[in-house]
Amino acid sequence: MPSFQFETTPRIVCERGAALKLAQTLQAGGQRRAFIVTDPGLVRAGLVEAPAAALRAAGLHATVYDRVEADPPEHVVLEAAQAARDDGADCVIGLGGGSSLDTAKLVALLAARPQRLEDIYGVQRAAGPRLPLIQVPTTAGTGSEATPTAVVSTPDHQKRGVISSLLYPDLAVLDAELTAALPAGPTAMTGIDAMVHAIEAYTTRHRKNPISDMLAVRALQLLHAHLGRAVADGSDIAAREAMLLGSLLAGMAFANAPVAAIHALAHPLGSHFHVPHGLANALVMAPTLVFNLPAAGHLYAELGRALDPALRDAADAEAAQAFIAAMRGHVQGSPIPQRLREVGVGEADLPVLAEAAMTVDRLLMNNPRELAQRDALAIYTQAF
Ligand SMILES: NC(=O)c1ccc[n+]([C@@H]2O[C@H](COP(=O)([O-])OP(=O)(O)OC[C@H]3O[C@@H](n4cnc5c(N)ncnc54)[C@H](O)[C@@H]3O)[C@@H](O)[C@H]2O)c1
Ligand SMILES: [Fe+2]
C-alpha cells in the first residue's frame, strides 16, 4: 500500500439542538468571551439569537460579528479579526455556511497571532497559536468544519486559500435543526458541492488513500439518498441530518485527498460572475465527469456500484455511465439554474473563463485526466 497521512477535526458532536449547548464545552476549556462569526442571512433566518442567548444565560460574554459576505473578501476577514481582538475574545464560534466558517478560522488565527494574509496563502505557511475554535455548519455543505482550508477572495478577483493544520477546529457541531430553514435552491447547490467533494476525493491523482476512499463512498451514499428529500421538504429533519453527516464525511475525505478539475473550473465562475460556489460546481460537474471518463471510468464504476446494488455485476463502462447519469439527475432534478447562460455568462466570456481556470493549477494537478485550456473551453461550452 502506498504510504499516506490523514488528519481531521479531533471532536465531532452530532445532536439536534447542540448549538444551544456550546457553553458547557467552552466553560470546560476555561473560555469566557466567545466571538460568534456569522452573516446577515443567518441573523435574518433567526439562527444566531438563540445560541448567543444560551451562552449569555450560562454567564459567558458573547459578541456576534454578522458582516461576513459570500466568498469572503480579505477586508471582511481583517475587520472581523480586529473586532475579535478589540473585544478581548478568548474563543471563536463559526456559525453559518462555508463563508462564515472560513472567516471564523482566520479570525481564530489572526486574533491570536496577527500576520499578513499575503504571507500565509498556500500550504502550511500560517503560524500559531490560534484561539479555540468551534465550527457549526448551517449548510451541507462545504465540509469546512473538517478541512484545513479557508478560501478568501482577493481584490484582483482571485480566490486564494490558507491551508494549515491549525485551521482544523477543536470541535465540529452538526445540529440539523439549524439547516431546516435553508431554501430548496441553496440546499441543492450546497448538497451538490458536497457530492463533488466526495467524487473528486475518490478520483484524485494525488494523496488518494484508503481512509478518504471509505469516507467518500459513505458520504456519497448519504448525499445521494437524501438530497432529493431535503430539497423537496426542508423540514425533513432526518434527511437534513444525513446531508450534514454526508457533507462532514466528504469534507474529511477531501481534506486529505484533494479536489480537482470540477472545483478548478468552478473557481472563475465564482470570482468573475459571483456564481455561488455550489452552483458553480453543479454547472460544470457533468461535462467534467464525461471528460474524465477515459481516465477515471473504473473509479466512477466503483462509485456507481456503491450507490446502486443493481449495478453489482455490471461492466465498468455501464456502471460508470450509470453513475454519471445519477449525478446529472441530481442537477436536473434541482430547482437551480441549469446552464452558464442562465447565470450571466455570455458566450464571449467562455475563453476568458478557460484561461482563468488554467491558473488554478493547484487543483488541476489532482485531476485524474490531464486537462488543457482547450479542454476547459470545451467543458464550459457544453455547460453554456
Ligand atoms: N473551507 C473549505 O474547505 C471550503 C470548501 C468548499 C467551499 N468553501 C467556501 O465556502 C463558501 C461557500 O459556502 P456555502 O456554500 O456554505 O454558502 P455561504 O456560506 O456563502 O452561504 C450562502 C447563503 O446561505 C445563507 N444560509 C446559510 N445557511 C443557512 C440556513 N441554514 N438557513 C438560511 N440561510 C442560510 C447565508 O446567509 C448566505 O446568504 C465559498 O466561499 C467557498 O469558497 C470552503
Ligand atoms: Fe466545494
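The four donor atoms around the iron ion (ligand 2) subtend angles of 87 to 164 degrees, which makes the arrangement irregular. Four donors count as tetrahedral if all angles lie between 85 and 135 degrees; four count as square planar and six as octahedral if opposite donors are over 155 degrees apart and all others between 65 and 115, and anything else is irregular. This is a predicted model, in which local features need pLDDT of at least 70 and side-chain atom pairs count only at pLDDT 80 or more, while totals for chains, interfaces and linings use all residues. Residues are numbered from 1 along each chain as its sequence is written, chains are lettered from A and ligands numbered from 1 in the order in which they are written, and side-chain values use heavy atoms, with hydrogens and water left out.

**Iron site**

- Asp193 (OD), His197 (NE2), His263 (NE2) and His277 (NE2) are the protein donors of the iron ion (ligand 2), at 2.1 to 2.2 Å from it.
- Donors are N, O and S atoms within 2.8 Å of the metal (3.2 Å for Na, K and Ca); water is not among the atoms, so sites may look incomplete.
- Along the chain, the donors of the iron ion (ligand 2) have the spacing D-x3-H-x65-H-x13-H.
- His197 belongs to helix α7 (residues 184-203) and His263 to helix α10 (residues 261-273), so the pair ties together parts that are 66 residues apart in sequence.
- Helices (H or I, at least four residues) and strands (E, at least two) are DSSP runs, numbered from the N terminus.
- His197 is buried at a relative accessible area of 2%, and His263 is buried at 4%.
- Buried means under 20% relative accessible area, exposed over 50%, and partly exposed in between (1.4 Å probe, protein chains only).

**Second largest pocket**

- The volume of the second largest pocket is about 330 Å³.
- Its lining has 18 residues, of which Gln158, Lys159, Arg160, Thr359 and Val360 are the closest to the centre.
- On a 1 Å grid over the protein atoms alone, a pocket is an open set of points with protein on both sides within 12 Å along at least five of seven lines, whereas a cavity is a set where a 1.4 Å probe fits but cannot get out; lining residues have an atom within 4 Å of a point.
- Grid points are joined across faces, edges and corners, and a volume is the space filled by probe spheres set on the points.
- At least two lining residues of this pocket come from each of β8 (159-163), α10 and α14 (361-364).
- Domain 1 (12-179) and domain 2 (184-383) each give at least three residues to the lining of this pocket; the bounds come from an automatic or database domain assignment.

**Cavities**

- There are three cavities of 30 Å³ or more, and the largest cavity has a volume of about 60 Å³.
- Residues lining the largest cavity include Thr138, Leu182, Arg240 and Met243.
- Helices α7 and α9 (237-256) each supply at least two residues of that lining.

**Backbone and single residues**

- Gly128 and Pro129 are joined by a cis peptide bond, with omega about 0 degrees; Pro129 is in the loop between β5 (122-123) and β6 (133-137).
- Gln124, not a glycine, has a positive phi of about 50 degrees, and Gln124 is partly exposed at 47% relative accessible area.
- Arg207 has a positive phi near 65 degrees and lies in the loop between α7 and α8 (210-232).
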